[in-house]
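Trainee: Could we go through this model together, one question at a time?

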Amino acid sequence: MADFDRESMLEMFIFEMNQLVEQLEQVVVQSETEYNTEQINEIFRIMHTIKGSAAMMMFDEVANVAHVIEDLFYYLREESPQNIDYPTLSDLVLGGADFVKMELIKIQDGQEADGDPTAIKDAIKLFLDTLKNPGAVNAKPSKATKAKLETKLEAESKMESQTANVENGAGMHTYKAKIMFEDGCEMENIRAYTLVHNLMDIADNIRHSPEDVIDEESIEVIRRTGFHVEFTSVKPYKDIDKHLSGTVYLRSLELEEIGAQVEEEPVLTVAPPVVEQRPTMDTNVESKMESPYPLSDVAMDIQLPERKPPGAAAVAPDENKGGKSGPTQHVISVNVNKLDALLNLMGELVISEAMVTQNSELDGMQLDNFYKEARQLRKIINNLQETVMSMRMVPLSGTFFKMHRIVRDMCRALNKDVNLEIIGEDTEVDKNIIEHIADPIMHIIRNSIDHGIESPEDRVKADKSTKGKVILQAKHSGSDVLIIIQDDGKGLNKERIMEKARDNGLLRKSESEYTDKEIHQFIFMPGFSTNAEVTAFSGRGVGMDVVSNNLEVVGGTALVDSTPGVGSTFTLKIPLTLAIIEGMTILIAGAKYTIPIASIKRSFKPKMENVFTDPNGNEMITDRGEIYNIVRLYDFFEIDGAITDLEEGILIQLENGDQFICLLVDDLIGEQQAVVQSMPRYFNKVRGLSGCTLMGNGDISLIIDVAGFFDK
């Protein structure tokens, strides 16, 4: 292989591999019950690409896992076997995908990709063996089929043991073994079958309990009482012990030698076994490999010939050759840092344009042509800004479709049946936003399935369908994006939430004064959990806290609405972008502040006859039949020299989710685009401020964090 700069290719390798793994998971989750020809070809193509790329980058274990999965789907594609256990097939492929993802994380963190794929490879090879052996595919094979299979296995085992007996010149030993597999390893019957299959190489007269390990009912028996096997062998005790101790997911082994006998066996001439080889495989290379699944075609990229099963369409695994090609979309990959640099330059351009057009030296001058050209410049800058921002916009489809895997895994672990419905996955948000909302969406969906969706039995009692439903929806709302997660479960238990809030000392007023929405908001508090026991999915009080923290980073909010017995709805409100916003510049005591226009409902001049004070001393105002709290901005930030008379100032009505307040300011200066800059370190903990921006005259304007004015 020609020399190449491995480090320079590593970033692109990780990017492409992550994309392939995501595509693989989407295909598998969508094909849970049955794989059609197109999906089989798609998985085969993905694994072939992963195998070749990993081998080129010298990540051998990743290539090995991809290779055995490719072998499996090569057989599915070419032979079209019947009676396939599709759920188990999906588990195996997703297990391989998880291994690849874990290795990619290590590679990305600069660690060595040293994962051990033995267990997943053995399970996939065993599954392929059962496909090739029709008697092992059915959950309950007929007695005639089992007898035929047992006769064949006994004959093969007898021949092998006789040959070993002659070669070793030793007597026969009889052994009993009890094998217990690790809790949660799953597919105990398949693992028992693997153990028996591997034991045939060194043992004879194999008997085991349960007898029918292929039957799915044997899984519970093996979990409860273990797998018992009795056999004879010429091997000494230490060799048998070493062989059985290598069983994958072995929890305990009890091995006993119950007798020995010396047998005289005639010398047999045994023909070497016929090994089925895949076409176009280099036999010289293959003979040097210990594994029956050689990797020669990984390094040499040998294309396997297409065999067309009757009625199956031939699909090339890598590319379409010949024929009329469709329209091509030209796409290039761009480093994220370059996009960030481009956005920064765009922000500088916006600031520079404002500094030119708002220069104080132009005051009082009649420059019609200048302002005409300035308007044309502003139009071009706006178009350029929209283009730059669109380059950073990422559809939510990738994040949404990952949730199918979450739902699938939780349903299998909790024995629930839930259908995930996705709506509006083409909605786009800024890439920096999407990095912070993946975890909140995941935690809310997990919470809905674990806490909300009832078990099939409970749903029947509640006169509901046994299959639960979770709807994941995204849609635009002005300059924001709403992400709605809705389930048809049992809803939130207000009494339990209040009890937990009381125990944690979270109540700030009388319990009777709390509205349903305020009670529901308690679940976002740190360490808050209504589960009495810690499970794999809940009980630690960190899940919904992650939702709140991640949304605060991007200026988003979360709302909860729940009806007992009907279900719950979580609404995440997030901004489209954090880079450049439309802002309203206001004046307080001669200082300029910027309020995001998306949070402004309206502004108006107050009248004192509409102002009153509630029993708690809060200043309130009635406007258009509604009552709002008044927040004096100069008082909130402790600023001297501001207007204190309400009728001389201006009230700006701000909204945060479904909450509203009226903010008192001195004056409105006007609308302006604001390039959001991070706050200096000593401002980080100032409530009500989220950032700053540079004005056209060079002044600094602090950006108001609207959420900071509302009760947490």
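Mentor: Below are some questions on a helix, a core and a loop residue.
This is a predicted model, in which local features need pLDDT of at least 70 and side-chain atom pairs count only at pLDDT 80 or more, while totals for chains, interfaces and linings use all residues. Residues are numbered from 1 along each chain as its sequence is written, and side-chain values use heavy atoms, with hydrogens and water left out.

Trainee: How many residues of helix 3 are buried?
Mentor: Helices are DSSP runs of H or I with at least four residues, numbered from the N terminus, and helix 3 covers residues 60-79. Buried means under 20% relative accessible area with a 1.4 Å probe, protein chains only. Helix 3 is largely enclosed by the rest of the structure, because the buried residues among its 20 number 17.

Trainee: Which helix gives the largest share of the largest nonpolar core?
Mentor: Such a core is a set of buried Ala, Val, Leu, Ile, Met, Phe, Trp, Tyr and Cys residues joined through side-chain atoms within 4.5 Å. Of its 48 residues, Phe13, Ile50, Phe73 and Leu89 touch the most other members. The largest share, 11 residues, comes from helix 3.

Trainee: Is Thr247 buried or exposed?
Mentor: Thr247 lies in the loop between helix 9 (237-245) and strand 4 (250-261), a strand being a DSSP run of E with at least two residues. Leaving aside neighbours within four places in sequence, Thr247 is in contact (heavy atoms within 4.5 Å) with Phe181 and Leu195. Its relative accessibility is 17%, so Thr247 counts as buried.

Note on methods:
The expected span of a helix is 1.5 Å times one less than its number of residues. Buried means under 20% relative accessible area, exposed over 50%, partly exposed in between (1.4 Å probe, protein chains only).
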